[in-house]
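Reader: I have a structure open and would like to go through it with you. May I begin with the open space in it?
Author: Certainly; let us look at it together.

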Amino acid sequence: MCFKFVKSSAENIPLDTECVDKIIITCVVNHLDFPIKTLNECKRLLKPGGEILIYLPCDPGMLYRYIVTGK
């Protein structure tokens, strides 16, 4: 297994088209200036049959409520 870290904007990632098998996006979509451009960029990067896993936070979530209110 090989990992490659690349620093770039989410809307313009300097990788070849159809070069990754899986993209994992965790708790970031809601902070992006251009989420549609970012998701289109992810689609460009995926190999055929690849997958994008997106996790969106749901604040105030159960953990947040427990920490803040104790309920």
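Reader: What is the volume of the largest pocket?
Author: In this predicted model, the largest pocket holds about 940 Å³ of space.

Reader: Which residues are closest to its centre?
Author: Lys4, Leu15, Val20, Lys22 and Ile23 are the closest to the centre, out of 25 residues that line the largest pocket.

Reader: And which elements give two or more residues to the lining?
Author: Strand S1, covering 20-26, and helix H1, covering 35-45, do so. S1 gives the most, with seven residues.

Reader: How does the lining divide by class?
Author: The lining of the largest pocket has 17 nonpolar residues, together with four polar and four charged ones.

Reader: Let me step back to the fold. What pattern does the chain follow along the sequence?
Author: The pattern is β-α-β-α, and the chain has two helices and two strands.

Reader: How much of the chain counts as buried?
Author: The chain has 71 residues, of which 14% count as buried.

Reader: Could you give an example from S1? Is Ile25 buried or exposed?
Author: Ile25, which belongs to strand S1, has a relative accessibility of 8% and therefore counts as buried, the limit being under 20%.

Reader: How far is Ile25 from Ile54 in space?
Author: Their C-alpha atoms are separated by 4.8 Å, while Ile25 and Ile54 are 29 residues apart along the chain.

Reader: I also marked Ser9 and Thr38. What is the separation there?
Author: Ser9 and Thr38 are likewise 29 residues apart in sequence, and the C-alpha to C-alpha distance is 8.8 Å. Ser9 is placed in the segment before S1. With 38% relative accessibility, Ser9 counts as partly exposed.

Reader: Turning to the backbone, which value of phi does Glu18 have?
Author: Glu18 has a positive phi of about 55°, although Glu18 is not a glycine. In general, most residues other than glycine have a negative phi.

Reader: Where is Glu18 found, and how accessible is it?
Author: Glu18 is in the segment before S1. Its relative accessible area is 45%, so Glu18 is partly exposed.

Reader: What is the phi of Cys27?
Author: Phi of Cys27 is near 55°, again a positive value in a residue other than glycine. Cys27 lies in the loop between S1 and H1.

Reader: Since we have reached a cysteine, how many disulfides are there?
Author: A search of the whole structure finds zero disulfides.

Reader: Are Cys27 and Cys42 buried or exposed?
Author: Cys27 has a relative accessibility of 33% and so counts as partly exposed. Cys42, at 5%, counts as buried, because the limit for that class is under 20%.

Reader: Now the aromatic side chains. How many aromatic pairs are found?
Author: The search of the whole structure finds zero aromatic pairs.

Reader: Then what sits over the ring of Phe34?
Author: The charged end of Lys37 sits over that ring, 4.9 Å from the centre of the ring of Phe34.

Reader: Thank you. To close, could you restate the points on the pocket and the cysteines?
Author: The largest pocket has about 940 Å³ of space, and S1 gives the most residues to its lining. Zero disulfides are found in the whole structure, with Cys27 partly exposed and Cys42 buried.

Methods: Residues numbered from 1 in each chain as written. Predicted model: local features only at pLDDT ≥ 70, side-chain atom pairs only at ≥ 80, totals over all residues. Heavy atoms only, no water. Disulfide = S-S within 2.5 Å. Buried < 20%, exposed > 50% of the residue type's maximum accessible area, 1.4 Å probe, protein only. 1 Å grid on protein atoms, 1.4 Å probe; cavity = no way out; pocket = protein on both sides within 12 Å on 5 of 7 lines; lining within 4 Å. Points joined across faces, edges and corners; volume = space filled by probe spheres on them. Helix = DSSP H or I, 4+ residues; strand = E, 2+ residues; numbered from the N terminus. Nonpolar A, V, L, I, M, F, W, Y, C, P; charged D, E, K, R; others polar. Phe/Tyr/Trp six-rings, centres within 6.5 Å; stacked < 30°, edge-to-face > 60°. Lys NZ or Arg CZ within 6 Å of the ring centre and 35° of its normal.
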